[in-house]
Amino acid sequence: MEKGRHEVWSWTTATKESLCFMWQKVKVQLMLSMSFLAAVFWYCRRLYSFLAQLLKWWSNYLQRKLIRNLSVLTEVDLLGYSAREWKGETKQAKHMREAYEELFWSCHIKYLRLVRRDNYSAVRAVLFQIFSQGIPFPSWMKERDILKLPEKLLYSQGCNWIQQYSFGPERYTGPNAFGKLRKCMEALKTNWAEISATKDHEKRGNMCNTLFSDESKEHKLYEAIKFIMLYEVVEAYEQIKNREEPVHNLFSLLFARDTSSDPLSFMMNHLNSIGDSICLDQVELFLLGYVLEVKIRVYRLHRFNTEEFQVNYPDEYRREWNEISLLTEDDHYYHIPLFRT
């Protein structure tokens, strides 16, 4: 009996010792695992915090870069801008402030989008509004492939002088002008089609902001527009010369100038320098509105209190044309007025 009890006690003791030993090992493993998990958790938190800060920094950097490169800035208050830009009591400052107040109260222009002050200013302000409003191609562009316009001028109409075409500030002329023009036309057609097909206003605005913060892409668009203007001048000149159907009266104004009596002189004396040393003048604004089939209403602040305060380019336009607006203080640099009722 005693022997049996002793055996039971020995077995129980051995079992307890085994369990204790196993528990000690498991306890050590659990502690190591918990320590490891705690270390992993701490590391992950630090990594997450670091990545969040890095992402925030990168986002701010891209935003600053985008804003810095934007050629059309976000809207500013019209009267606030006027007060900042035209301080003092000089005759000109008072005149400009009065003109801005007239826009605010009578024309319902409450905000302004400032456009980069360079010699592409007018073309940029017009094209940005066409894209941001989702205005489609002009009717004549839907009937003709604009990619073939350089080829048509060069081969069909024998205008081999287009090799003297200069690309704004790039000032390139030479045998590769034809290829460069085709790339410009491709850029215009692709971007215009893509943006005008985007129906969501916010998405279209983001696309415009991205496009108009890339100087190289922008310049291609403007050079394409310039070439389309040249193409229309050549077409009108041929019609006049061959006494075909009547042309728009703006071409009479254009060819009446000594410096643009024919397409070649127009290109050499006017078009080539746009974007480089000169901007669009009044006649070219008429032509720009005509080829893009938009009525360009310009508020000329330096002409305030005269009949030339508000001018339409062209002055003869079709009812179905879209209207866009520009604002200028000097007929050189242009900004985009925004209407609010």
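## Reading the accessibility values

A residue counts as buried when its relative accessible area is under 20%, as exposed when the value is over 50%, and as partly exposed in between. That scale comes up again and again below, so keep it handy as you look around this predicted model. Glu323 is a good place to try it: its relative accessible area is 35%, so Glu323 is partly exposed.

## Lys295 and Glu323

Glu323 has a salt-bridge partner in Lys295, and their closest N and O atoms are 2.9 Å apart. This pair links distant parts of the chain: Lys295 belongs to strand E3 (residues 294-300) and Glu323 to strand E5, with their positions 28 residues apart in sequence. Lys295 has a relative accessibility of 9%, so Lys295 counts as buried, whereas Glu323, at 35%, is partly exposed.

## More salt bridges

The count of salt bridges in the model comes to 19. One of them joins the side chains of Glu235 and Arg144, at 3.8 Å from N to O. Here too, distant parts of the chain are linked: Glu235 sits in helix H9, Arg144 sits in the loop between helix H5 (139-143) and H6, and the two are 91 residues apart. Glu235 is buried because its relative accessible area is 18%, while Arg144, with 32%, is partly exposed.

Next, have a look at Lys180 and Glu170, whose side chains meet in a salt bridge of 2.8 Å, N to O. Lys180 is part of helix H7 (residues 177-196) and Glu170 is part of the loop between H6 and H7, so this bridge ties together parts that are 10 residues apart in sequence. Glu170 has a relative accessible area of 48%, which makes this residue partly exposed.

## A charged network and two positive phi angles

Arg300, Arg303, Glu308 and Asp331 are connected through a network of salt bridges. Asp331 deserves a second look for its backbone as well, with a positive phi of about 60 degrees in a residue that is not a glycine. You will find Asp331 in the loop between E5 and strand E6 (334-339). The relative accessible area of Asp331 is 17%, so Asp331 is buried.

His108 is another residue other than glycine with a positive phi, near 60 degrees. His108 is placed in the loop between H3 and strand E2 (109-115). With a relative accessible area of 38%, His108 is partly exposed.

## A cis peptide bond

Most residues other than glycine have a negative phi, and most peptide bonds are trans. With that in mind, check the peptide bond from Tyr313 to Pro314: this one is cis, and its omega is near -10 degrees. Pro314 lies in the loop that runs between strand E4 (310-313) and strand E5 (322-328).

## Two helix pairs

Two packed helices are described by the angle between their axes and the distance between the axes. For helix H4 (residues 121-132) and helix H12 (residues 282-292), the axes come within 11 Å and cross at roughly 25 degrees. Angles under 35 degrees count as roughly parallel, so H4 is roughly parallel to H12. The handedness of the H4 and H12 crossing is right-handed.

The second pair is helix H6 (residues 149-156) with helix H9 (residues 215-241), whose axes come within 10 Å and cross at roughly 40 degrees. H6 and H9 are therefore oblique to each other, and H6 passes H9 in a left-handed crossing. H9 is also the helix that carries Glu235, the partner of Arg144.

## Leucines inside and at the surface

Leu103 is located in helix H3 (residues 91-106). Its relative accessibility is 0%, so Leu103 counts as buried. Leu103 and Leu327 are 224 residues apart in sequence, yet 9.9 Å apart in space, C-alpha to C-alpha.

Leu51 gives another picture. This residue lies in helix H1 (residues 2-69) and has 45% relative accessibility, so Leu51 counts as partly exposed. Leu51 belongs to a nonpolar patch on the surface, formed with Trp42, Tyr43, Leu47 and Phe50. Together, these five residues have about 560 Å² of accessible area.

Methods:
Residues numbered from 1 in each chain as written. Predicted model: local features only at pLDDT ≥ 70, side-chain atom pairs only at ≥ 80, totals over all residues. Heavy atoms only, no water. Patch = residues over 30% accessible without salt bridge, like charges linked within 9 Å, V, L, I, M, F, W, Y side chains within 5 Å. Areas by Shrake-Rupley, 256 points an atom, 1.4 Å probe, with all protein chains shown as cover. Salt bridge = Lys/Arg side-chain N within 4 Å of Asp/Glu carboxyl O. Helix = DSSP H or I, 4+ residues; strand = E, 2+ residues; numbered from the N terminus. Buried < 20%, exposed > 50% of the residue type's maximum accessible area, 1.4 Å probe, protein only. Axes fitted to C-alpha atoms, helices over the stretch in contact; angles between N-to-C directions. Parallel < 35°, antiparallel > 145°, perpendicular 65-115°, else oblique. Left-handed = near helix turned anticlockwise from the far one by under 90°.
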